[in-house]
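Me: I'd like to learn how to read helix packing and internal space in a model. Could you walk me through one?

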Amino acid sequence: MYKKPGIEIRRCPWVDLSKPDYIEYHDKEWGIPVFDDRIIFEFLTLEAAQAGLSWYTVLRKRDHYRQAYKDFAPEKVARFTALHIERLIQNPGIIRNRLKIEASVNNARRFLEVQKEYNSFSNYIWGFVNNKPKINTLKTLADYTATSRESDALSSDLKKRGFKFMGSTICHAHMQATGMVNDHSVDCFRRKEIIEAS
């Protein structure tokens with residue numbers, strides 16, 4: 001719980017209140033519906049990089065990723081060569097895992113293929129929640145799940161299309177972050193705000 005003079009603000013139970021940048025991410029980004037393809041690609045890339053690590057680790061490197069990945073323009077990342085990949089592996093500002101970096105370039109190319117097929121990646125991915133945010137009712141940390149039926153379906157389809165590092169847990173995290181599902185806890189001040197704004 002976070003307090004301002006005379007005001008009590010409740011947030012989701014997973015938010016570490018000792019980390020101001022984490023609080024800001026929760027308050028200003030997490031769970032807001034995203035339909036912009038560039039931002040969707042940014043989250044997919046960062047969440048794939050997170051695999052096996054904490055989201056906070058990736059969040060702290062986000063600015064470095066934006067610079068290294070050309071502000072997450074998928075058409076630019078898709079043109080990365082083997083030389084680009086080697087440079088990324090030497091970049092101390094990002095997670096220097098060869099498999100994840102190679103996957104990010106592959107995923108950019110697959111991303112463009114989906115864009116062409118559906119006119120936008122947003123049209124494609126939002127179809128997994130019937131084109132509107134799924135609102136869940138979560139009260140405690142124990143109510144949060146790592147996957148869902150929808151994330152299983154998204155993961156399966158992305159893998160069939162050739163995407164890498166897109167397991168159901170990563171897809172579920174993406175759906176939460178980009179507002180495809182509203183997983184703000186019932187007492188979190190952002191839950192109602194996002195529902196009313198959607």
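**Helix pairs, then holes**

Reply: Sure, let's start with a pair: the axes of α2 and α10 come within 10 Å and cross at roughly 140 degrees. Keep in mind that this is a predicted model.

Me: Which two quantities describe a pair of packed helices?

Reply: The general idea is that you give the angle between the axes and the distance between them. For α2 and α10, the angle is roughly 140 degrees. Antiparallel would need an angle over 145, so this pair counts as oblique. The crossing of α2 and α10 is right-handed.

Me: Which residues of α2 and α10 meet there?

Reply: From α2 you have I40, F43, L44, E47 and A48, and across from them sit I170, A173, H174 and A177 of α10. Sorted by class, that contact has seven nonpolar residues, one polar and one charged.

Me: OK, let me try another one. At what angle do the axes of α2 and α7 cross?

Reply: Helix α2 covers residues 37–50 and helix α7 covers residues 98–118; their axes come within 10 Å and cross at roughly 150 degrees. That is past the 145 cut-off, so α2 and α7 are roughly antiparallel to each other. The handedness of the α2 and α7 crossing is right-handed. On the α2 side the contact uses D37, I40, F41, L44, T45, A48, A49 and Q50, while α7 brings K100, S104, N107, A108, F111 and Q115. Those residues split into seven nonpolar, five polar and two charged.

Me: And how far apart are the axes of α9 and α10?

Reply: They are 8 Å apart, and helix α9 (residues 149–160) packs on α10 at an angle of about 115 degrees. The crossing of α9 with α10 is right-handed. Here E150, S151, D152, L154, S155 and L158 of α9 touch S168, C171, H172 and M175 of α10. By class, the α9 contact with α10 has four nonpolar residues, four polar and two charged.

Me: Now for the empty space. How many cavities of 30 Å³ or more turn up?

Reply: The thing to ask of any cavity is what volume it has and what lines it. Searching the whole structure gives two cavities of 30 Å³ or more. The largest cavity holds about 70 Å³. Its lining is T45, A48, A49, Y65, Y69, I94, I95, K100, I101 and S104, and α2 and α7 each supply at least two of the residues. In class terms the lining of the largest cavity has seven nonpolar, two polar and one charged.

Me: What lines the second largest cavity?

Reply: That one has about 50 Å³ of space, with F41, L44, T45, S104, N107, F111, F163 and M166 around it. The elements giving two or more residues to this lining are α2 and α7. The lining of the second largest cavity divides into five nonpolar, three polar and no charged residues. Try tracing T45 and S104 on the model: both are in the contact of α2 with α7, both line the largest cavity, and both line the second largest cavity.

Me: Last one, the open space. Which residues lie nearest the centre of the largest pocket?

Reply: W30, Q50, W55, A173 and Q176 do, out of 20 lining residues. The largest pocket has about 450 Å³ of space. Elements that give two or more residues to its lining are α1 (20–28), α2 and α10 (168–177). Of these, α10 gives the largest share, six residues. The lining of the largest pocket is made up of 13 nonpolar, six polar and one charged. You can also link the pocket back to the helix pairs: A173 lies among the residues nearest the pocket centre, and A173 is part of the α10 side of the contact with α2. Likewise, Q50 is one of the residues nearest the centre, and Q50 belongs to the α2 side of the contact with α7.

Technical notes:
Residues are numbered from 1 along each chain as its sequence is written. This is a predicted model: local features need pLDDT of at least 70, side-chain atom pairs count only at pLDDT 80 or more; totals for chains, interfaces and linings use all residues. Side-chain values use heavy atoms; hydrogens and water are left out. Axes are lines fitted to C-alpha atoms, for helices over the stretch in contact, and angles run from 0 to 180 degrees between N-to-C directions. Helices (H or I, at least four residues) and strands (E, at least two) are DSSP runs, numbered from the N terminus. Angles under 35 degrees count as roughly parallel, over 145 as roughly antiparallel, 65 to 115 as roughly perpendicular and the rest as oblique. A crossing is left-handed if the near helix is turned anticlockwise from the far one by less than a right angle, and right-handed if clockwise. Contact means heavy atoms within 4.5 Å. Ala, Val, Leu, Ile, Met, Phe, Trp, Tyr, Cys and Pro count as nonpolar, Asp, Glu, Lys and Arg as charged, and the others, Gly among them, as polar. On a 1 Å grid over the protein atoms alone, a cavity is a set of points where a 1.4 Å probe fits but cannot get out, and a pocket is an open set with protein on both sides within 12 Å along at least five of seven lines; lining residues have an atom within 4 Å of a point. Grid points are joined across faces, edges and corners, and a volume is the space filled by probe spheres set on the points.
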